[in-house]
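This report is meant for a reader meeting the structure for the first time, and it looks at one residue and at the empty spaces inside the protein.

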Amino acid sequence: MAQQVQGVIARAKGAPVAIETITVPDPGPGEAVVKVQACGVCHTDLHYREGGINDDFPFLLGHEAAGVVESVGEGVTEVEPGDFVILNWRAVCGQCRACLRGRPQYCFNTHNAKQKMTLADGTELSPALGIGAFAEKTLVAAGQCTKVDPSASPAAAGLLGCGVMAGIGAAINTGGVGRGDSVAVIGCGGVGNASVVGSQLAGASKIIAVDVDDKKLETARKLGATHTVNSRTTDPVEAVRRLTGGFGADVVIEAVGRPETYEQAFYARDLAGTVVLVGVPTPEMRIDLPLLDVFGRGGALKSSWYGDCLPSRDFPMLIDLYLQGRLDLDAFVTETIALEDVEKAFERMHHGDVLRSVVVF
């Protein structure tokens, strides 16, 4: 039978979110109902509330989550009731041209649950990134559930569902950071600091964190940055070059998503170095670079979507590192909050005081 639970709803552009009763249907073929244990408050949820993604209101927010599978529909073999899972918004199809070329991390046909969760009056909800996990339970495609070791803290594990995976993957998967490389990370929020952690995991010898906020830079240093640069008072390009023998970094990760910081990343890399854009720009943003500079510097300009991750490969591996004490996911959990505190968490996000507020059920 369908269940009624509480969830955080955004009804209109820019309006404060509210807790409302939602109806979660029984899982159909290829679907699963997950009892959510924890869900991080990600900036993308705020984008949804502000109408920055689309205008398919009302939204059921939340997507960076972990929980336990409660029930599954017909034909589901990936998971079964009782499995501890991290939810992901890239459920690969296995049949599109990317999957068939052995590049499932670029799947062009990722899928969500076919049924819709609704408000009590029957109004269909748009789940954020196809998940909608600011709720006691949510309906997802079974492929959006990645089984991991249940010993992991749900509050920490869920962060791999979006921001932390995006940052770690930007360094390891997209940037290809290797042993002895120099790395600069521009923007040290949750994703940028995850890139710092990913660079350290990959064996980078020098990790330069760049931000305008000294508090964020101090956090970056605690997470593995070897040097910090406050770009409010120091030219970051010159600083990165100075710290890398005058050459620039092997990999520069731009985790802000603005034209001016992307230009800094472009000129802060070494010849034949790599720039990785993982910060999310807005549609109106443009960048103007001399084409001769693009040609003359060689290397690679890459974008990183979800850290180019493959959840079935990356989530269990990173949880194993976490349980071994080699990846401090707990450091990203600034605070745990109740469902009714999501709107306040959005406000704190603006002040830069948190890496992640995490709703715990």
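What follows describes a predicted model, beginning with a serine and moving on to a cavity and a pocket.

Ser357 belongs to strand S18, which covers residues 357–360. Is Ser357 buried or exposed? Its relative accessibility is 2%, and because buried means under 20%, Ser357 counts as buried. The side chain of Ser357 makes a polar contact with the side chain of Glu335, at 2.6 Å. Leaving aside residues up to four places away in sequence, Ser357 touches Glu335 as well as Cys39, Gly40, Val41, Ile337, Ala345 and Arg348.

Turning to empty space, a search of the whole structure finds one cavity of 30 Å³ or more. Its lining is formed by Glu64, Leu159, Gly163, Val164, Gly190, Phe332, Leu355 and Arg356.

The second largest pocket is lined by 14 residues, and those nearest its centre are Glu78, Gly143, Cys145, Thr146 and Ser312. Strand S10 (145–147) and helix H10 (311–323) each supply at least two residues of this lining, and S10 gives the most, with three residues.

The table sets out the volume and the lining of each space.

| Space | Volume | Nonpolar residues | Polar residues | Charged residues |
|---|---|---|---|---|
| Largest cavity | about 30 Å³ | four | two | two |
| Second largest pocket | about 210 Å³ | six | five | three |

Technical notes:
Residues are numbered from 1 along each chain as its sequence is written. This is a predicted model: local features need pLDDT of at least 70, side-chain atom pairs count only at pLDDT 80 or more; totals for chains, interfaces and linings use all residues. Side-chain values use heavy atoms; hydrogens and water are left out. Helices (H or I, at least four residues) and strands (E, at least two) are DSSP runs, numbered from the N terminus. Buried means under 20% relative accessible area, exposed over 50%, partly exposed in between (1.4 Å probe, protein chains only). A polar contact is a pair of N or O atoms within 3.5 Å; within protein, one must be able to donate a hydrogen and the other to accept it, and residues adjacent in sequence count only if both atoms are side-chain atoms. Contact means heavy atoms within 4.5 Å. On a 1 Å grid over the protein atoms alone, a cavity is a set of points where a 1.4 Å probe fits but cannot get out, and a pocket is an open set with protein on both sides within 12 Å along at least five of seven lines; lining residues have an atom within 4 Å of a point. Grid points are joined across faces, edges and corners, and a volume is the space filled by probe spheres set on the points. Ala, Val, Leu, Ile, Met, Phe, Trp, Tyr, Cys and Pro count as nonpolar, Asp, Glu, Lys and Arg as charged, and the others, Gly among them, as polar.
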